[in-house]
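Colleague: Please take one close look at the surroundings of the ligand, and then tell me which details of the backbone a beginner should look up elsewhere in the chain.

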Amino acid sequence: MTLMEDSVGVGDLVLLEPLEEEPLLKNLQLRYENKEIYTYIGNVLISMNPYQQLPIYGPEFIAKYRDYTFYELKPHIYALANVAYQSLRDRDRDQCILITGESGAGKTEASKLVMSYVAAVCGKGEQVNSVKEQLLQSNPVLEAFGNAKTIRNNNSSRFGKYMDIEFDFKGSPLGGVITNYLLEKSRVVKQLEGERNFHIFYQLLAGADAHLLEALKLKRDTSHYAYLNQKVSRVDGMDDASNFKSVQNAMTVIGFSEVEIQQVLEVTALVLKLGNVELADESQANGTSASGICDGRGVQEIGEMIGLNSEELEKALCSRTMKTAKEEVVTTLNFTQAQYARDALAKNIYSRLFNWIVNRINESIKVGSGEKKKVMGVLDIYGFEILEDNSFEQFVINYCNEKLQQVFIEMTLKEEQEEYKREGIPWTKVDYFDNGIICNLIEHNQQGILAMLDEECLRPGVVSDSTFLVKLNQVFSKHGYYESKVTQNAQRQYDRTMGLSCFRICHYAGKVTYNVNSFIDKNNDLLFRDLSQAMWKAQHPLLQSLFPEGVPTQTSLKRPPTAGAQFKSSVAILMKNLYSKNPNYIRCIKPNEHQQRGQFSSELVAVQTRYLGLLENVRVRRAGYAYRQRYGPFLERYRLLGRSTWPRWNGGDREGVEKVLGELSLSSEELAFGKTKIFIRSPKTLFYLEEKRRLRLQQLATLIQKIYRGWRCRTHYQLMRKSQILISSWFRGNMQRKRYAKIKASVVLIQAFVRGWKARKDYRKYFRSGAALTLADFIYKSITQKFLLGLRNNLPSTNVLDRTWPAAPYRCFNTANQELQQLFYRWKCKRFRDRLSPKQVEILKEKLCASELFKGKKASYPQSVPIPFCGDYLGLQGNPKLQKLKGGEEGPVLMADTVKKVNRGNGKTSSRILLLTKGHVILIDTKKSQAKTVIGLDSVAEVSVTSFKDGLFSLHLNEISSVGSRGDFLLVSEHVIELLTKMYQAVLDATQRQLLISVTEKFSVRFKESSVAVKVIQGPEGDRNGKLKCKKKGSRCLEVTV
Ligand SMILES: Nc1ncnc2c1ncn2[C@@H]1O[C@H](COP(=O)(O)OP(=O)(O)O)[C@@H](O)[C@H]1O
Ligand SMILES: [Mg+2]
């Protein structure tokens, strides 16, 4: 939200149109009625007292205002505080915040808001927070002792306060100093109707617990105390009791010790009690007037409390010791004097207590002298006062306000206009009321009212308030701002309101009529020495310390400075202080006299705006420039916004500023170039510059960050890379070294082996181990020799049937041994064969043939093997008869034997002689030798035999044989193996045909035209005597049991 938007009326009176008093008031009223209590005139803040709590304060708003510039948000006291604080922190300029306005206009509240804002935005930390707490907590304490309810303000400050808050270079608070100005101490003993004494008295009575009251010997009821106005003891909306607790707490926070707090309360109670000391007129018979204490108990109690003899106190209250150079004279005081003395004592005690408290707070918040600091001063002084009956207090208060107005005039109206002139800026002068003349009227060293008052106080002779007035009338008879009955009379004016004992000053804020009564007294501010000495004598440490002048030995006759003089000099110091700082104005305005919310009294506000010179302020502001600065610092601050001025600028400051602003192309109306300073018309331009600068700073910060980060990353990377290279080089080196070492070790090992091997080869002959081979060789040879020789001597018999062979003595000879055995056996067999005769060869050939034919086929074969084939079983050689049987057959008889012929018809057997020749088989009946059957071998087609041991066989003849008609022959021979072998060979020799010999148990025999099936059965073992049984089974079947 900006100032322009959403605003009620105008937020800045500079924008007001037309610029007249009435629209100005209307604008303020409109805003006030819409609860917009703050309005700007440029950088001056106008604050209207809302008389109600508005929801525009607190952390949320503080946070908002700290983040925005002055003109970005609605006018607010926080915005002003923010500008002041930032200027202090960032531009290193000491600040002061001048809060002015009438009593009850809201100055004190404003000062508290400023302080709370600054406390909230400045630095944090334990130390800082405790300083902040102490600074903030000084308020309730000072308000309790220095504020009171007046007709205008329920919480009116009855003292002036200027507080310097000191910061370190970072803007964190370090501490502070509080200066207080002239407490309105007359209030202690007397208050106007409807007003109260200082809050603390009521707070103490209402808030102290019974125990504390007892200790202080106080009664809770306020009506008990003469100094407390009987009519008003309570203020609406103010809780004295709880405030008392807050005050006690605040004192603890600030650093008051328990004892100190107790003593402060004791002194406070003492003041109340003093008020109750009743005096009586004790005029003596000789006419001398005197006074006395009515009720001794009160004084007794006071004496006990402060550790002072009650008689001494009484004496001090009721008499006075006059000291001249030569002697001491004691005079009694009359009743009025005594009362005056009592009240003076009470006022003095209280005001000194107040000063002591301020000093004590200062001690706590003091900053070490060594530290360089920036200062923000907050001035909350009592406001301009016009009462019905104005006295010395109002006079000095108004004087002070007059001075403050002068500061304002000097710094905003006069100085500003003069500056334009100095700087050669075209300027039409704005007229304003300069109150210098009024200040002069009061403070002039010789011709000022204060000076004359002092003079009157010091003057010997009869001095009274009226002589003072006479003098004033003389001196200021022609003064335009001074009036009195006398001057009015001289000008023949008639004024009913002007009393005889009064004079009137036309203050900037209005005419005020002062009654001169008690001016001299109050200015003298005298306390009889007896009283201060009595107080010093008291055993109470705090009280004693409040009256240092009471030390009897150090009595000096020199007068202390008067109250007026003191005040004037402290105001002068204050002014000097304010002039040295950058001022920030808060001008508080009271909207009505009744402390009523929402009420807007135009007349009242008009008076205030008039004397505050707001209209003039707006005029100067409007015509002038919101901001100015010397070229040098300005260039330094905004240099970074220009291309040509950043980062280096070698030209002059002014040229530099022109360059920067030229580049930003600001409108020429906004700027004026003075001789030494640049002027900027509207704050908006300044805030624009600030905003640009802020953004630029961010940019630059980002740039620096970027470069720094880049640099950091780069160096870090380079370092890492370097390290990485180093590590990898070491690692590689190490790896290669290890590898090399391994290879080398292997090479050395191989080398060693090879060398060793070579060496061993060369040296083997010299080695014993070499002998082993030789020995082994030798031994091997020798055992081979032994084996072979042994074998020669131990050869087995040459009998071919003897297969024995000596075993090899060593396994290694096994193969050789077998070879040799084989060799020997073959040799034996060969030799055996070579020795055989042709006949034997023939026999063996037959045997071989028999084996081929029957081995494994016929059971009787194995028996036939060892028996040599004899061929002639009939003794044919020696029997010619038998020779004949052969007939005409050529060649020898191969086989002659007796066989049995089985009759195929009935199975009966009959003997026959069988002769086998080279071409025939001849069967001869043994009984009838002539009957014979000759079978040509070529007609024998097949022979069948059984596999048993029997001698049965069948000759199967070709069908067309000579004896074919008779059929096949079934014969039995005892030498069937030999017979059939020979027949086989004969058939082979004769016909080159291999005779088919089938071994079978079933075969058929041709008989006449038909055939008979023969079936051979193995009979029981025992029955075998070469005999067989043939049984005819039917005509076609013959069963033979063998
Ligand atoms: N900003 C504000 N908000 C609410 N109330 C305020 C504000 N300013 C002043 N007041 C009211 O006005 C009264 C008088 O204000 P104060 O600051 O004591 O006046 P001054 O110091 O000028 O005499 C306060 O007690 C308070 O009730
Ligand atoms: Mg105040």
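**Around ligand 1**

Modeller: In this predicted model, a backbone N or O atom of Gly104 lies 2.6 Å from an oxygen atom of ligand 1, which is a polar contact (a pair of N or O atoms within 3.5 Å). Two side chains also reach the ligand's oxygen atoms: a polar side-chain atom of Asn49 lies 2.7 Å from one oxygen atom, and a polar side-chain atom of Asn153 lies 2.9 Å from an oxygen atom as well. The protein covers 87% of the 550 Å² of accessible area that ligand 1 has on its own, where the area comes from the Shrake-Rupley method with a 1.4 Å probe. Altogether 16 residues surround ligand 1 (each with a heavy atom within 4 Å), and the closest of them are Asn49, Gly104, Lys107, Thr108 and Glu109.

Moving on to the backbone, you can look up Trp646 and Pro647, which are joined by a cis peptide bond with an omega of about 0 degrees. Pro647 belongs to the loop between helix 25 (631-638) and helix 26 (653-663), a helix being a DSSP run (H or I) of at least four residues and a strand one (E) of at least two. Arg492 is not a glycine, yet its phi is positive, at about 55 degrees; this residue is placed in the loop between helix 18 (485-490) and strand 14 (502-507). Both details deserve a look because most residues other than glycine have a negative phi, and most peptide bonds are trans.

Residues are numbered from 1 along each chain, with chains lettered from A and ligands numbered from 1 as written. Local features need pLDDT of at least 70, side-chain atom pairs need 80 or more, totals use all residues, and side-chain values use heavy atoms without hydrogens or water.

Technical notes: Polar contact = N/O pair within 3.5 Å; in protein donor to acceptor, adjacent residues only side chain to side chain.
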